[in-house]
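Me: Please take a close look at one part of this structure, a pair of packed helices, and set it within the chain as a whole. I should like a connected account rather than a list.

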Amino acid sequence: MVATAPVTDTGPVTDAPATPSLEPGPLDPAPAGAPPTPPHPTGRALPRRLTRPALAVLAGALLYLAFPPVGLWPLAPVALAVLTLTVRGRRLRASYGLGMLFSLAFLLPLLRFVSFVGADGWIVLSAAEAALLALVAPATTLVQRLPAPWLWTGAIWVAQEALRGRAPFGGFPWGRIAFSQPNSPYTALAALGGAPLVTFAVATTAALLATAATHATTTATTRAAGTGAAARATDGSGNSDAAPRAAAGAATHIRPLLATLTGALALALAGLAVPLPTTAQHGTLNVAAVQGNVPETGGLRALGEAFQVTDNHVTGTENLAAAVRAGRTPQPDLVLWPENSSDIDPLTNPTAHAALTHAATVAGAPLLVGAVLDGPGPRHVRNAGLIWTTDGPTGAMYVKRHPVPFAEYLPGRALLEKLISRFADEMPNDFLAGTTTGALPVAGTVIGDVICFEVAYDGLVRDNVNHGAELLVIQTNNASFGRKGESQQQLAMSRLRAVEHGRATIQVSTSGQSALITPDGTILTQTGLYEAGVLSAQLPLRTTHTLATRLGIVPEAVLTALGALAMIAGLTHPRRTRHHPGDTPADNDPTSTTHQPTPTSTDRTGDNHQHPGETHQPAAGTDQKRRGVEATRVVVCVPTYNERENLPDTTRRLRQANPAVHLLVIDDASPDGTGKIADELADDDDQIHVLHRPGKSGLGSAYIAGFTWALQHGYDIIVEMDADGSHQPEQLPRLLDALTDADLAIGSRWVPGGTVHNWPRSRLVLSRGANAYVRAALGVPLHDATAGFRAYRADVLRARDLDQVASQGYCFQVDLAWRAWQAGFRVVEVPIDFVERERGASKMSRAIVAEGFWRVGWWALTSLRRGPASTSQASTSQRAGTGTVIPTPARPADPTADSLTTPTATGPDTVDAGRP
């Protein structure tokens, strides 16, 4: 007999650790036999209830300290490890609440530089970003249910950052974990996979540390138990063998503890093995960066009066020219001014135009100037970088591609100006987004210009390098943010970008911090905050692309997909460990519930036997033994849209191979005359029927119409088949034969014996990938859930409210197969030969793929279970004959079948489908 331990948290999303049981610590549920928790908090209970919230806040504070301006980078993996331990085993809603506490404790201090617009703006931005960042907490809870949770934890952090960097309003990726590592052993990993790989490495290290902490707790608890057992054995009250067993148990946990710590250390140091070349490949460039400073140290009026900031940068350039003449500074090839250094449009204002021309003349080199340009149109401006020489603008210009919402433009301006009157005064104009990259030719090379916050967006920086940039420039205006960390945080991003793309990088700011950075992220020289200064150095020009540049978005996409799949798998993964015969409670988690599978046995003929204590009550009107397929009426439903070239041949082959089978053509008003051809075929054959629909409404709705018609006309077996010849009508008997012991037979391309002909590699990959996604997301053990050649017993379709089926495209096939399996119907996969159409156009589209992706993901989120509520002991597909049988559970009072029958697939061509 297997003991059942009580569960202290019986919520619908409670999960147990995927690792063997741990003795409960301060964060774990009470063990079996523990006294119940008092219904109201006591003096000791209240602090215990606050433990997790306090740890979540601590984790957020530690993560903030890892970022500049504090910059204690080792605290990043520690903070994430604390969060991982805090949310492990929590309900998803509670986990999200803990994630909000963590996120607010991190983002409120990190984004305090925004408070210059008002406390309300700072708090709203922090809360909005926290609501997105907090999603990582329930995601962490989910992946902790899986094997090797440390691997998936890193992926979900990348997925979270990918989401936050894109939504809403184009995203706000400030505070990515990678940006806390501008000068750490992790930094060099950016050259291999960019910021996503750095985030993945830090988060994975954190998960390994959390796993090590778990093993350490288990080891300590086991040793304590051994000490107690030894003491009891000494005084004669205990088992003399208990102490050695406890010591041996503790030793078994030391090995995984050492392994996880070794893994964490190796991952943390892996970046040290990555080479970061800095040598020049296309010569060098003498660069000077001018920081002219501003009148005020922060606030909306930091730039002072009109033209004042421009005058400051002209003065800085004149000081540079004087230093060159005195021999203290080499003659620059290029002079860089920051964002907004010309706060009046120099293309239309003669005074600004003359000032820039004068600066270029005294510098003896072209200028890159940050300017605010008027228009096009009223209340529109542009944030631009211009190349300016002694002859004026060269025409080379970069317009900021990613203006900041609520700072440079106002989404929904008409409404928001009515609700918040100060917007009209503080943000009278909207900055328009540019459409071209910042790769600008100047001084015999190409520089890659990005403006201010754009440095946080991977693609904007990478585009410049892909367009030939040999040097990166980040023009920024940090004047309004005060001394609250924004400039230092941005400098950390610039350093990471230098490593990621192997390019020397200059951050040039109106008020600081400006810096010159080598391709390995080293700062050569930098200015302070709110001080005027000129930086000058000879920087290498490089042309080769790092692996990160070549891979582009691929590392982020792959890791995001892994994170998404891990979350879906966590949703469908059992939340409580199952005990199997022979296990003891010590072998499993003390918070888990025992699941006793319904005992059945199957003899060689496929008949099942009821065991003592079980009851089976077949539904009224259902025969105890299944009718043979030979006693059924079969109709094949074929939806058509523009299939005039294929329908006659498909019909001929179907009727010759299966003379007693009926055919229903469902035509969606095909403009090529397919419906008329179907009518002509029906006129000549009374077993061919046509259902005309008023227009194209999708594959799913066409089949629903056909199924409804077939049920109304009393057919026992209803078949799906395409009109394009990809499904071989000669193989229909295989499906019908398999229904002898099944409710749904699917013609599968991906089981042994199944083949695919004439498909391009892209379609093969798409189909394989889609089916792998379905298996991981929904837990349905089908190899080809998207297959469209299948046969249903009518009972399967009667059990589903067909009017409620909303899915279309190939997602419709997944929908019906998964729901049938979930409802307990027996499903078998039969190998078929699939041949790509020779005539006509495929109906596959991006919309069909997108629908399948989001619907399957939504079903996984809302079903919260891998399969039907009562699962059988079988966990893998059974094979018999030519089919693959998907085991399903007994279903009480099922109206369609003997609930204790196990399906068995038989060989093909054994059914006389021609009998009426």
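Reply: The chain has 25 helices and 26 strands in this predicted model. Of its 916 residues, 53% are buried. Among contacts with a separation of 6 or more, 75% join residues that lie 24 or more positions apart.

The part chosen for a close look is the pairing of helix α6, residues 136–143, with helix α7, residues 149–164. Two packed helices are described by the angle between their axes and by the distance between those axes. Here the axes come within 9 Å and cross at roughly 155°. This angle is over 145 degrees, and α6 and α7 are therefore roughly antiparallel to each other. The crossing of the two helices is right-handed. On the α6 side, the contact is made by Val-136, Ala-139, Thr-140 and Val-143. On the α7 side, Pro-149, Trp-152, Thr-153, Ile-156, Trp-157 and Gln-160 take part. Sorted by class, the contact comprises 7 nonpolar and 3 polar residues, with no charged residues.

Leu-142 also lies in helix α6. Its relative accessible area is 6%, which is under the 20% limit, so Leu-142 counts as buried. When neighbours within four places in sequence are left aside, Leu-142 is in contact with Leu-92, Met-567, Gly-570 and Leu-571. A further spatial relation links Leu-142 to Arg-90: the two residues are 52 residues apart along the chain, and their C-alpha atoms are separated by 9.3 Å.

Trp-157, one of the α7 residues in the helix contact, also has a place in the largest nonpolar core of the chain. That core has 91 residues, and Leu-63, Trp-157, Leu-471 and Ile-506 touch the most other members. Helix α8, residues 190–234, gives the most to this core, with 9 residues.

The surroundings of Ile-506 can be given in detail. Not counting residues up to four places away in sequence, Ile-506 touches Val-287, Ala-289 and Leu-336, together with Leu-471, Leu-472, Val-473 and Ile-474, and also Ala-515, Leu-516 and Leu-539. Leu-471 thus appears both in this list and among the core residues that touch the most other members. A second core, separate from the one just described, has 41 residues and includes Tyr-715, Ile-718, Tyr-792 and Val-805.

Definitions and conventions
Residues are numbered from 1 along each chain as its sequence is written. This is a predicted model: local features need pLDDT of at least 70, side-chain atom pairs count only at pLDDT 80 or more; totals for chains, interfaces and linings use all residues. Side-chain values use heavy atoms; hydrogens and water are left out. Axes are lines fitted to C-alpha atoms, for helices over the stretch in contact, and angles run from 0 to 180 degrees between N-to-C directions. Helices (H or I, at least four residues) and strands (E, at least two) are DSSP runs, numbered from the N terminus. Angles under 35 degrees count as roughly parallel, over 145 as roughly antiparallel, 65 to 115 as roughly perpendicular and the rest as oblique. A crossing is left-handed if the near helix is turned anticlockwise from the far one by less than a right angle, and right-handed if clockwise. Contact means heavy atoms within 4.5 Å. Ala, Val, Leu, Ile, Met, Phe, Trp, Tyr, Cys and Pro count as nonpolar, Asp, Glu, Lys and Arg as charged, and the others, Gly among them, as polar. Buried means under 20% relative accessible area, exposed over 50%, partly exposed in between (1.4 Å probe, protein chains only). A nonpolar core is a set of buried Ala, Val, Leu, Ile, Met, Phe, Trp, Tyr and Cys residues joined through side-chain atoms within 4.5 Å.
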